[in-house]
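This report covers one side chain at a chain boundary, followed by the boundary as a whole.

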Amino acid sequence: MSNLNKLKPNQLMAYLFIVIYCMIILVPTFWLLMTSLKNNSEIFVDPMAFPKAVLLSNYMKAWDSGIKDYFLNSMLVTVGTTCLTVSIATGVSYALAKLNFKINKIVYIFIIVLYAVPPQGLLVPLYNLMTTLHLSNSSWGLIFPYTAGGIPFATIILYSFFIDFPHEVEDSAKIDGANNFQILFRIVIPLSRPAIMTACIIQVIATWNEFFLASLLLSDKSQFTLPLGLSTFKGEHMSEWGPMMASVFISVIPLLILYLLTQKYIVNGLGGMGK
Amino acid sequence: MKTSNKSSCIAGIILSLPAIVIMGTFTFYPLLRTITDSLFKFSLISKGMQWVGLNNYIELFQDKIFYTSLLNNLMVATLSIIIQLSLGTILAAITSRGLRKTSALARTIVFMPIVFSSVAIALLWGLIYDMNVGQLINIFDSLGLNAPECGFLGSRYVAMVCIITAGCWQRVGFMMIIMIAAMAGITEDLYEASTLDGAGPIRQFFSITLPNCKNVLMLCALITVIGAFKCYDLIRVLTDGGPSHQTEVVGTYIIYNAFNLSRMGYADCISVALLVIAGLVGVLQLFINKRNAR
């Protein structure tokens, strides 16, 4: 308690800075929530006030006008992409980190260089490719390009983990006669849960929020993912801010919950990027 | 310690195969096609592709909108680096070195916007910037300030600043996390020694913390610049490049040419330009990093 009396001016300024910045983050989020609970006239009168009567009908309206479909599509695509990306990335990162094979360096450069390619640079051929493969306008048509885009980052995370993985464990397994695959699946993977969790979470966040490729490859409204569905809201329901903010909130809630539950993994995973 | 024998060679190849196949098909092949297709003229419905050689590129050099969009990308890159790096570093310094007790809660709050999709951010800030029901105009009115003439998203520079603000709101947390990790790696001894010499926290920040984070700062700058050239979502939803292509960025301009104007060959050409520029910027930054690291 005596600490309060000893607050130095520096510390006071630091506190102020943090509080102001946190307010900058929280206040718009608060506005989002408030607007989603009001009807149109209330929004017009005072955008920043509490709603007089909490209006859950905005949420029902949003859900029924298509958010339900978008939500399910996003879930399908996200789960599919994450499973595919992380499993492939685990295999490649393990091979790159632990196995010395001839084209090791080529594979590594291949993955890292393609990581730097912005998807905007690929859109026309990608669009034509998906049409040729009859994959446009489907969830699988999104899962494959997303996986191609997600493998590099997941590989970076898992590679830096596997490099530090103690080789004694693998050596003793080898002495017992295990081959490379048995070592990978029975020993290394169960012990790599934190890194795999981190890769999964980051992939989930990236996939759930992806907009560019979805807007390119999907034209059938029933197949839209959430970001795409949200963006059409702006055109169709131009002045219905209440339901629009409700849909935004619905789209944000799953990741928000995931974030609050798994912060530790995200922070640790990203913090290691400096290596 | 890597295993080196025949079975590990085969295992390595088997494990890498899925990655190579998928990335080869969906990233590498389209990349090659973008480059070759830019020498043609075709659209979604055209029967074949018409060879035009370097005509697309010649047209690109004279395309005013392309230069506008490129400058907008540069604007995004510059402002983003300044805002995100400085705020991220200051926040990281305060939460990891200054006020330890508040750090966990503050970090959670500051990082939160990362999980919002760009579209959600665009819609939210679109509401804030709205001239009728937006919170910003409300604040302006109550403070007696005059709003910009064409609204917050109606003229080039005001709109770009507003868009960049929304983007930074989302991303400062990311920079903060990376900087926190970087600062955690600085040994406490340095700080103790400087305290004995009478250095206060601010002096320590500039003389110890910042210099020791130089490499990570360069990395953050690189990530930010690459992100600036990839930006698309926010602009597409907030202004769609308008009004009259004033807030166009290269990403949105490519889409405009490919699908609104149906000029796919030209769109490929712009894509190649984007790839080259992004590549050059990346190489330049890596070069600067290497020089600084010595």
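In this predicted model, a polar atom of the A:Asn209 side chain lies 3.2 Å from the backbone oxygen of B:Val115. A:Asn209 sits in a loop of chain A, between α9 (193-208) and α10 (212-217). The relative accessibility of A:Asn209 is 11%, so the residue counts as buried, the cut-off for that class being under 20%.

Apart from neighbours within four places in sequence, A:Asn209 is in contact with A:Pro227 and A:Leu255 of its own chain. Across the boundary, A:Asn209 touches B:Ile114, B:Val115, B:Phe116 and B:Ser117.

The contact between the chains involves 95 residues from chain A and 93 residues from chain B. Together the two chains bury about 8,400 Å², and 79% of this area is on carbon and sulfur atoms. B:Leu15, B:Met23 and B:Phe26 supply 9% of the area that chain B buries against chain A, more than any other three residues.

Polar pairing across the interface of chain B and chain A is as follows: five residue pairs are in polar contact, both residues at pLDDT 80 or more, and zero salt bridges are found.

On the side of chain B that touches chain A, helix α1 (residues 6-37) of chain B contributes the largest share, 24 residues. The residues of that side divide by class as shown below.

| Class, side of chain B touching chain A | Number of residues |
|---|---|
| Nonpolar | 63 residues |
| Polar | 21 residues |
| Charged | nine residues |

Note on methods
Residues are numbered from 1 along each chain as its sequence is written. Chains are lettered from A and ligands numbered from 1 in the order in which they are written. This is a predicted model: local features need pLDDT of at least 70, side-chain atom pairs count only at pLDDT 80 or more; totals for chains, interfaces and linings use all residues. Side-chain values use heavy atoms; hydrogens and water are left out. Helices (H or I, at least four residues) and strands (E, at least two) are DSSP runs, numbered from the N terminus. Buried means under 20% relative accessible area, exposed over 50%, partly exposed in between (1.4 Å probe, protein chains only). A polar contact is a pair of N or O atoms within 3.5 Å; within protein, one must be able to donate a hydrogen and the other to accept it, and residues adjacent in sequence count only if both atoms are side-chain atoms. Contact means heavy atoms within 4.5 Å. Buried area is the accessible area (1.4 Å probe) that two parts lose on being put together, summed over both. A salt bridge is a side-chain nitrogen of Lys or Arg within 4 Å of a carboxyl oxygen of Asp or Glu. Ala, Val, Leu, Ile, Met, Phe, Trp, Tyr, Cys and Pro count as nonpolar, Asp, Glu, Lys and Arg as charged, and the others, Gly among them, as polar.
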